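Please open the model in a viewer and keep the selection panel at hand. The tour below proceeds from one selection to the next.

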Amino acid sequence: MMRRLPVILLTILALLLKALPALAQEGDPLAHSVLLPGTVGFALAGLAVLLFLLLLLWSARGPR
């Protein structure tokens, strides 16, 4: 862990330095974002519920 700590800290520092220009811009960062339509959101939520239920059923069977 101690060998990885400097690498992790340097990675976080590099990511923050890369993000500083975007964070320093004035205005709303979401003003030019493209949001998904509601239908796509409901489809993704339904897929998440379906996968969750499948995982529950699969894990209830136990190892065989």
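Select L54 to begin; this leucine lies in helix α2, which spans residues 38–61. The model in view is a predicted one. Is L54 buried, partly exposed or exposed? Its relative accessibility is 47%, and because buried means under 20% and exposed over 50%, L54 counts as partly exposed.

Next, extend the selection from L54 to L36, V40, L44, L47, L50, L51 and L57. Together with L54, these residues form a nonpolar patch on the surface. The accessible area of the patch is about 770 Å² in total.

Now zoom out to the whole chain and colour by secondary structure. The protein has two helices and zero strands. Aligned along the principal axes, the C-alpha atoms fill a box of roughly 50 × 45 × 10 Å. How does the radius of gyration stand against that of a compact globule of 64 residues? The protein has 21 Å, whereas such a globule would have a value near 11 Å.

Switch on the surface representation. The accessible surface of the protein comes to about 6500 Å², and carbon and sulfur atoms account for 75% of that area. The share of the 64 residues that count as buried is 0%.

Select residues 4–24 for helix α1. This helix has 21 residues, and the distance from its first C-alpha to its last is 30 Å, close to the 30 Å expected at 1.5 Å a residue. Within α1, centre on K18, where a kink of about 30° is found. The proline P21 follows shortly after this kink. Why does α1 lie largely in the open? The number of buried residues among its 21 is zero, so the helix is largely in the open.

Remaining in α1, pick I8. Its relative accessibility is 41%, so I8 counts as partly exposed. Then draw a distance from the C-alpha of I8 to that of W58: the two residues are 50 positions apart along the chain, and the separation is 36 Å.

For the last stop, move to the loop between α1 and α2 and select E26. Is E26 buried or exposed? With a relative accessible area of 80%, E26 is exposed. A final distance can be drawn from E26 to P37, which are 11 residues apart in sequence; C-alpha to C-alpha, E26 and P37 are 27 Å apart in space.

How values were computed. Residues numbered from 1 in each chain as written. Predicted model: local features only at pLDDT ≥ 70, side-chain atom pairs only at ≥ 80, totals over all residues. Heavy atoms only, no water. Patch = residues over 30% accessible without salt bridge, like charges linked within 9 Å, V, L, I, M, F, W, Y side chains within 5 Å. Areas by Shrake-Rupley, 256 points an atom, 1.4 Å probe, with all protein chains shown as cover. Salt bridge = Lys/Arg side-chain N within 4 Å of Asp/Glu carboxyl O. Helix = DSSP H or I, 4+ residues; strand = E, 2+ residues; numbered from the N terminus. Buried < 20%, exposed > 50% of the residue type's maximum accessible area, 1.4 Å probe, protein only. Rg over C-alpha atoms; globule rule 2.2 N^0.38 Å. Expected span 1.5 Å × (residues − 1). Bend = angle between axes of the 7 residues up to and from the residue.
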